[in-house]
Amino acid sequence: TAMPFANKLFLVIDVGGVSIKCAVMSGSGEIISKESFLTPPTYIEFIRLLQSRIALNPVDAVQIALPGIYDKEKDCTVFIANIPYLQGKKIVQDLHT
């Protein structure tokens with residue numbers, strides 16, 4: 001059986017209170033590249049860091065894991081204990097600005 005995402009590339013971003021880890025992965029789960037950064041001290045630096053990683057990695061989709069609760073209906077974070085500046089932010093929208 002063919003895997004529907006086998007020929008796709010994904011940028012996977014894991015946001016933590018201390019560091020942000022990024023990896024480009026194939027649809028079959030192979031890690032092509034990875035890097036890690038300290039979590040920035042401000043929201044604008046956070047958005048700029050993510051924008052730079054997205055711009056440098058031509059992928060089919062981006063997945064962001066956050067250490068808290070994201071309200072899909074409101075399209076914003078509602079609780080992120082370890083990174084207070086992310087509270088109530090529309091991260092996906094802000095990444096496009």
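**Figure 1. Lys89 over the ring of Tyr43 in the predicted model.** In this predicted model, Lys89 lies over the face of Tyr43, at 4.7 Å from the ring centre. Tyr43 is buried, its relative accessible area being 14%. A neighbour in space but not in sequence is Pro84: 41 residues separate Pro84 from Tyr43 along the chain, while their C-alpha atoms are 9.4 Å apart. Pro84 belongs to the loop between S6 and helix H2, the latter covering residues 91-95. With a relative accessible area of 57%, Pro84 is exposed, whereas Tyr43 is buried.

**Figure 2. The aromatic cluster of Tyr43, Phe46 and Tyr85.** Three aromatic pairs are present in the structure. One of them joins Tyr43 and Phe46, with ring centres 6.2 Å apart and planes at 25° to one another. This pair counts as stacked because its interplanar angle of 25° falls in the range under 30 degrees. Both residues lie in helix H1 (residues 43-56), and since they are three residues apart there, about one helical turn separates them. Phe46 is buried, with a relative accessible area of 0%; Tyr43 is also buried, at 14%. Together with Tyr85, Tyr43 and Phe46 make up one aromatic cluster. The Tyr43 ring thus appears in two views, as a member of this cluster and as the ring whose face lies under Lys89.

**Figure 3. The salt bridge between Arg53 and Glu35.** The count of salt bridges in the model is one. Its partners are Arg53 and Glu35, whose side chains meet at 2.9 Å, N to O. Arg53 is part of helix H1 and Glu35 is part of strand S3 (residues 31-38), so the bridge ties together parts that lie 18 residues apart in sequence. The two partners differ in burial class: Arg53 is buried, with a relative accessible area of 14%, while Glu35 is partly exposed, at 30%. Side chains of opposite charge can pair when their charged atoms come close.

**Figure 4. Polar contacts around Thr39 and Ser19.** Thr39 is placed in the loop between S3 and H1 and is buried, with 14% relative accessibility. Two backbone atoms are contacted by the side chain of Thr39. A polar atom of that side chain lies 2.6 Å from the backbone oxygen of Gly16. The side chain of Thr39 also reaches the backbone nitrogen of Ser19, at 3.1 Å. Ser19 is in strand S2, which covers residues 19-26, and Ser19 is buried, with a relative accessible area of 16%. The side chain of Ser19 has a polar contact of its own, at 2.8 Å to the side chain of Lys21. Ser19 therefore takes part through its backbone nitrogen in the contact with Thr39 and through its side chain in the contact with Lys21, and its 16% accessibility places it under the 20% limit for buried residues.

**Figure 5. Asp75 in the loop between S5 and S6.** Asp75 lies in the loop that links strand S5 (69-71) with strand S6 (76-79). Its phi is near 55°, a positive value in a residue other than glycine. Asp75 is partly exposed, with a relative accessible area of 26%.

**Figure 6. A nonpolar surface patch of Ile69, Val78 and Phe79.** Ile69, Val78 and Phe79 form this patch, and their accessible area together is about 270 Å². Val78 is found in strand S6 and is partly exposed, at 39% relative accessibility. Strand S6 also borders the loop that holds Asp75.

**Figure 7. The protein chain as a setting for the close-ups.** The protein chain contains two helices and six strands. Read from the N terminus, their order is β-β-β-α-β-β-β-α. The C-alpha trace spans about 45 × 30 × 25 Å along its principal axes. Of the 97 residues in the protein chain, 30% are buried; among them are Phe46, Arg53 and Thr39.

Technical notes:
Residues numbered from 1 in each chain as written. Predicted model: local features only at pLDDT ≥ 70, side-chain atom pairs only at ≥ 80, totals over all residues. Heavy atoms only, no water. Phe/Tyr/Trp six-rings, centres within 6.5 Å; stacked < 30°, edge-to-face > 60°. Helix = DSSP H or I, 4+ residues; strand = E, 2+ residues; numbered from the N terminus. Buried < 20%, exposed > 50% of the residue type's maximum accessible area, 1.4 Å probe, protein only. Lys NZ or Arg CZ within 6 Å of the ring centre and 35° of its normal. Patch = residues over 30% accessible without salt bridge, like charges linked within 9 Å, V, L, I, M, F, W, Y side chains within 5 Å. Areas by Shrake-Rupley, 256 points an atom, 1.4 Å probe, with all protein chains shown as cover. Salt bridge = Lys/Arg side-chain N within 4 Å of Asp/Glu carboxyl O. Polar contact = N/O pair within 3.5 Å; in protein donor to acceptor, adjacent residues only side chain to side chain.
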